[in-house]
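Please look at the structure below with two matters in mind, namely the space enclosed within the protein and the character of its surface. The report takes these up in turn and then turns to a helix.

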Amino acid sequence: MSELASVFIDVVMPVFGIVLLGSFLGHRLQLQALTLTRAAYFVFVPAFIFDAISKVRVPLDNVLTMVSFIALTHVLAALAAGGIGRMMNRSRQMIAAFVMIAAFGNVGNYGIAVIQFRLGDGALSSAIIHSVAITIVAFVICVSAAGWARGGSKGALNGLLRTPALWAVVPALFVSHNEIAVPLMLTRMIGLLAGAMIPVMLFALGVQLREQSKVELNVNVFVTSAIRLLLVPAIAVAVAIPFGLGQVDYAAGVLQSAMPTAVLVAIISREYDIVPSFVTSVVLVSTLASLITLTVIMVLL
C-alpha cells in the first residue's frame, strides 16, 4: 500500500468516520446539533483548555516559541483573508466570515486525533499546545471580527468577555505555573469533560452537516475553503523558518494550521448571526476537501 493510501485510510478516515457516524445517526436518533455544539462551546471546550494547559509540562521557552509561531501565523492569515474579502468587494459581515474561517481550524478534535495517529504519542504535547494556542488566538480573532461586524469595537470587546474558552486560560496558567495540586474530585470531573470534547464535537459536526438543508457552492465558499486548507498552512511553513522549530513541533504546527474550518466558527456565526448558512457550508466543503489536502500535506511533511 502506498504511503498516500495508508495515511488516508489509517490516519484521516478514523477521524472522519466519527463525523460520518454523526451524520448517519443524528437524524435517526432525533438529535439536534445546536444542543451538542452549545454544550461543547460552554462546557467541553473550556474543560479541555483548562485540562491541557494545567497538565502540559514543556519548557517555557519551547511553549513561548510555539505560541509566538502560531499567533503570528494566524494573525497574518486573518489579515490576508480580510484583504482578499475587501478586494472581492464583499460586505462587512462576509469579510468578518472570511477572517473567522481563516483564523480557526478544527484543531481540538480533528487536529489532535490526526496528529496523534500520524506522528505518534510523542507529538501529543506539541499538538495540544498548538491546539490551545490556536483556539485562544482564533477565539480572540473570531469573536472580535464578529463583534466588529455586528457592533463595532464595543461589540468585539463584549464578545471577548463572554467567551467561555477564554475564562479557563487564566486559572489554568496559574495552576500550571505554580504547580498547584487540583483536588482529585475536580481533576477527574474536568478530565472526563475534556476527554469528551473530541468525540462529541466530531459527532456534532456530522449532525450539523446533516442538518444543513442547503449547501452553498459558490465562489465565496471555494475561495475561503482554499484559504483555510492551502493558504494558512503555506503561511505557517513560511513563518516557521525564523523560529527554528524542531521537526515534531514544526510538523504538528503546520498540520494544525492545515485543518478544515472548525465547527466552532459555525457556532460563533450563529451566536452573532454572521452569515451562518455560508459559514456552515464552508465547514462542510473544507472538511470534505481536507480528506485530500491533509493526506497530501502529511505525506509531504
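## The lining of the cavity

In this predicted model, the residues that line the largest cavity divide into nine nonpolar and six polar ones, with no charged residue among them. The volume of this largest cavity is about 90 Å³, and of the 15 residues in its lining, those closest to the centre are F104, G108, T135, M197 and L264.

Several helices contribute to this lining, since at least two residues of it are supplied by each of α2 (33-55), α5 (107-119), α6 (124-161) and α9 (184-211). When cavities of 30 Å³ or more are counted, the total comes to one. Empty space of this kind is revealed by rolling a probe the size of a water molecule over the atoms.

## A nonpolar patch on the surface

On the surface, L4, I292, V296 and L300 form a nonpolar patch, and together these residues have about 410 Å² of accessible area. Helix α13 (residues 276-300) gives the largest share of the patch, namely three residues.

One of the patch residues, I292, is found in helix α13, and I292 counts as exposed because its relative accessibility is 59%, where exposed means over 50%.

## An enclosed helix

Helix α11 (residues 247-257) is largely enclosed by the rest of the structure, because eight of its 11 residues are buried. The buried residues of α11 are D249, A251, A252, G253, V254, L255, Q256 and S257, and buried here means under 20% relative accessible area.

Conventions:
Residues are numbered from 1 along each chain as its sequence is written. This is a predicted model: local features need pLDDT of at least 70, side-chain atom pairs count only at pLDDT 80 or more; totals for chains, interfaces and linings use all residues. Side-chain values use heavy atoms; hydrogens and water are left out. On a 1 Å grid over the protein atoms alone, a cavity is a set of points where a 1.4 Å probe fits but cannot get out, and a pocket is an open set with protein on both sides within 12 Å along at least five of seven lines; lining residues have an atom within 4 Å of a point. Grid points are joined across faces, edges and corners, and a volume is the space filled by probe spheres set on the points. Helices (H or I, at least four residues) and strands (E, at least two) are DSSP runs, numbered from the N terminus. Ala, Val, Leu, Ile, Met, Phe, Trp, Tyr, Cys and Pro count as nonpolar, Asp, Glu, Lys and Arg as charged, and the others, Gly among them, as polar. Patches are made of residues with over 30% relative accessible area and no salt bridge: like charges are joined within 9 Å, nonpolar side chains (Val, Leu, Ile, Met, Phe, Trp, Tyr) within 5 Å. Accessible areas come from the Shrake-Rupley method with a 1.4 Å probe; for residues, only the protein chains shown count as cover. A salt bridge is a side-chain nitrogen of Lys or Arg within 4 Å of a carboxyl oxygen of Asp or Glu. Buried means under 20% relative accessible area, exposed over 50%, partly exposed in between (1.4 Å probe, protein chains only).
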